[in-house]
Amino acid sequence: MEETQTLKVDVQGKVDKLANGHAGKNHSHLSTIGNSTNIKWHECPVEKTDRQKLLQQKGCVIWITGLSGSGKSSVACALSQMLYQRGKLSYILDGDNVRHGLNRDLSFKAEDRVENIRRVGEVAKLFADAGFICIACLISPYKRDRAACRAMLPSGDFIEVFMDVPLRVCEDRDPKGLYKLARAGKIKGFTGIDDPYESPLDAEIVLKCNTGDCSTPTDMAGKMISYLEEKGYLQA
Ligand SMILES: Nc1ncnc2c1ncn2[C@@H]1O[C@H](COP(=O)(O)OS(=O)(=O)O)[C@@H](OP(=O)(O)O)[C@H]1O
Ligand SMILES: Nc1ncnc2c1ncn2[C@@H]1O[C@H](COP(=O)(O)OP(=O)(O)O)[C@@H](O)[C@H]1O
């Protein structure tokens, strides 16, 4: 209760400051961003640092990349559960799920994958700004697109996780039967079969699994928790 009141006081100071600063009309600082002309960034006195104080954590993006079947969704879910148990707020942006809505207009051809990653990168950035630990899990096959998402965030706030699982292990798992269809030529442009996957060389965390006998998703998520703790993301 006391803490909530302190936070309210902090914010009130900012509200007053900003209201004073905004007296009078200001037509300056109009920008052109892409195809959007005459736009202006609006500031709000409640900032990322204020939201982080409320949540007692630091907003960031955990970007999980790897082949289909490498375990991205499983480890994302295990991580989200472990964070929840610690009272930390996270949200998963799963490629498969986002393609059910926001990105339903995109296919798997190269330029659509680029746009898929760009949009998810932008959404993840918003979640991080909201103070969430945003877990994005997408194949994201191209280095350049992952680097572009990294560049959207302050240094350190983009944590790349590489599911280093060989194609043969993913193909053995084949939970959706997609590799089988791709091998039969019934799906064209399937990542790892007839479409490229560029492994990261600079991932913050590499979760390796060479054989069918891997660590569990919970053990893998534990490594991510240790990383977040060590880097101070689980406190304000
Ligand atoms: N052609 C092709 N190549 C790869 N994957 C395919 C393809 N067609 C459908 N799928 C299914 O879509 C899931 C991957 O979507 P993503 O948005 O993560 O892909 S990407 O980042 O845009 O490359 C992926 O899910 P995951 O297995 O969870 O990775 C597949 O189930
Ligand atoms: N660490 C693991 N060890 C063994 N099997 C796993 C592991 N992680 C995931 N799996 C299994 O592999 C399959 C693909 O996992 P999933 O998380 O859906 O991968 P992705 O999201 O990368 O496609 C599922 O059947 C899942 O149960």
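**Exercise 1. Place Q56 in the fold, then describe its backbone and its exposure.**

Start with location: Q56 sits in the loop that runs between α2 and β3 (60-65). Keep in mind as you work that this is a predicted model.

Next, look at the backbone. Phi of Q56 is near 55°, which is a positive value in a residue other than glycine.

Last, check accessibility. Q56 counts as partly exposed because its relative accessibility is 35%, and the partly exposed class runs between the 20% and 50% cut-offs.

**Exercise 2. Do the same for D174: is it buried or exposed?**

Begin with the loop again. D174 is found between α7 (167-173) and α8 (178-183).

Now the backbone: phi of D174 is near 30°, a positive value in a residue other than glycine.

Then the accessibility. D174 comes out at 16%, so it counts as buried; the limit for that label is under 20%.

**Exercise 3. Work out the surroundings of C137.**

First, find the element: C137 belongs to strand β5 (residues 133-137).

Second, classify it. With a relative accessibility of 2%, C137 counts as buried.

Third, ask what it touches. Setting aside neighbours within four places in sequence, C137 is in contact with I64, K72, S73, A76, I92, L93, D94 and G95.

Fourth, pick one partner and compare sequence with space. C137 and S73 are 64 residues apart in sequence, yet their C-alpha atoms are 6.4 Å apart.

**Exercise 4. Which side chain does the side chain of N103 make a polar contact with?**

Locate N103 to begin with: look in the loop between α4 and α5.

Its relative accessible area is 0%, so N103 is buried.

Now list the company it keeps. Leaving out neighbours within four places in sequence, N103 is in contact with V98, N116, R119 and V120.

From that list, R119 is the answer: the side chains of N103 and R119 make a polar contact at 3.2 Å.

**Exercise 5. Describe the largest pocket, from its volume down to its lining.**

Take the volume first, about 790 Å³ for the largest pocket. Its lining has 40 residues, and S68, K72, D96, I139 and K176 are the closest to the centre.

Then sort the lining by chemistry: 18 residues are nonpolar, 13 polar and nine charged.

Finish with the helices. At least two lining residues come from each of α3 (72-85), α4 (95-98), α5 (110-130) and α9 (217-230). The largest share is from α3, with four residues.

**Exercise 6. Repeat the analysis for the second largest pocket. Which helix gives the most to its lining?**

The second largest pocket holds about 430 Å³ of space. Its lining is made of 16 residues, with W41, R51, K125, L126 and D129 nearest the centre.

By chemistry, the lining divides into eight nonpolar residues, one polar and seven charged.

As for helices, α2 (48-55) and α5 each supply at least two lining residues. The winner is α5, which gives five.

**Exercise 7. Trace the polar atoms around ligand 1.**

Count the neighbours: 19 residues surround ligand 1, and S68, R99, R113, N116 and K176 are the closest.

Now go atom by atom. On the oxygen side, an oxygen atom of ligand 1 has a polar side-chain atom of K72 at 2.8 Å.

On the nitrogen side, a backbone N or O atom of G189 lies 2.9 Å from a nitrogen atom of the ligand. A polar backbone atom of T191 is 3.4 Å from a nitrogen atom of ligand 1.

**Exercise 8. How far from oxygen atoms of ligand 2 are the polar atoms of G69, G71 and S73?**

Set the scene first: ligand 2 has 14 residues around it, and G69, K72, S73, S74 and S215 come nearest.

Take the backbone next. A polar backbone atom of G69 is 2.7 Å from an oxygen atom of ligand 2, and for a polar backbone atom of G71 the distance to an oxygen atom of the ligand is 3.0 Å.

Then the side chain: an N or O atom in the side chain of S73 is 2.8 Å from an oxygen atom of ligand 2.

As a final step, link back to Exercise 3, where S73 appeared among the contacts of C137.

Key
Residues numbered from 1 in each chain as written. Chains lettered and ligands numbered in written order. Predicted model: local features only at pLDDT ≥ 70, side-chain atom pairs only at ≥ 80, totals over all residues. Heavy atoms only, no water. 1 Å grid on protein atoms, 1.4 Å probe; cavity = no way out; pocket = protein on both sides within 12 Å on 5 of 7 lines; lining within 4 Å. Points joined across faces, edges and corners; volume = space filled by probe spheres on them. Nonpolar A, V, L, I, M, F, W, Y, C, P; charged D, E, K, R; others polar. Buried < 20%, exposed > 50% of the residue type's maximum accessible area, 1.4 Å probe, protein only. Contact = heavy atoms within 4.5 Å. Polar contact = N/O pair within 3.5 Å; in protein donor to acceptor, adjacent residues only side chain to side chain. Near = heavy atom within 4 Å.
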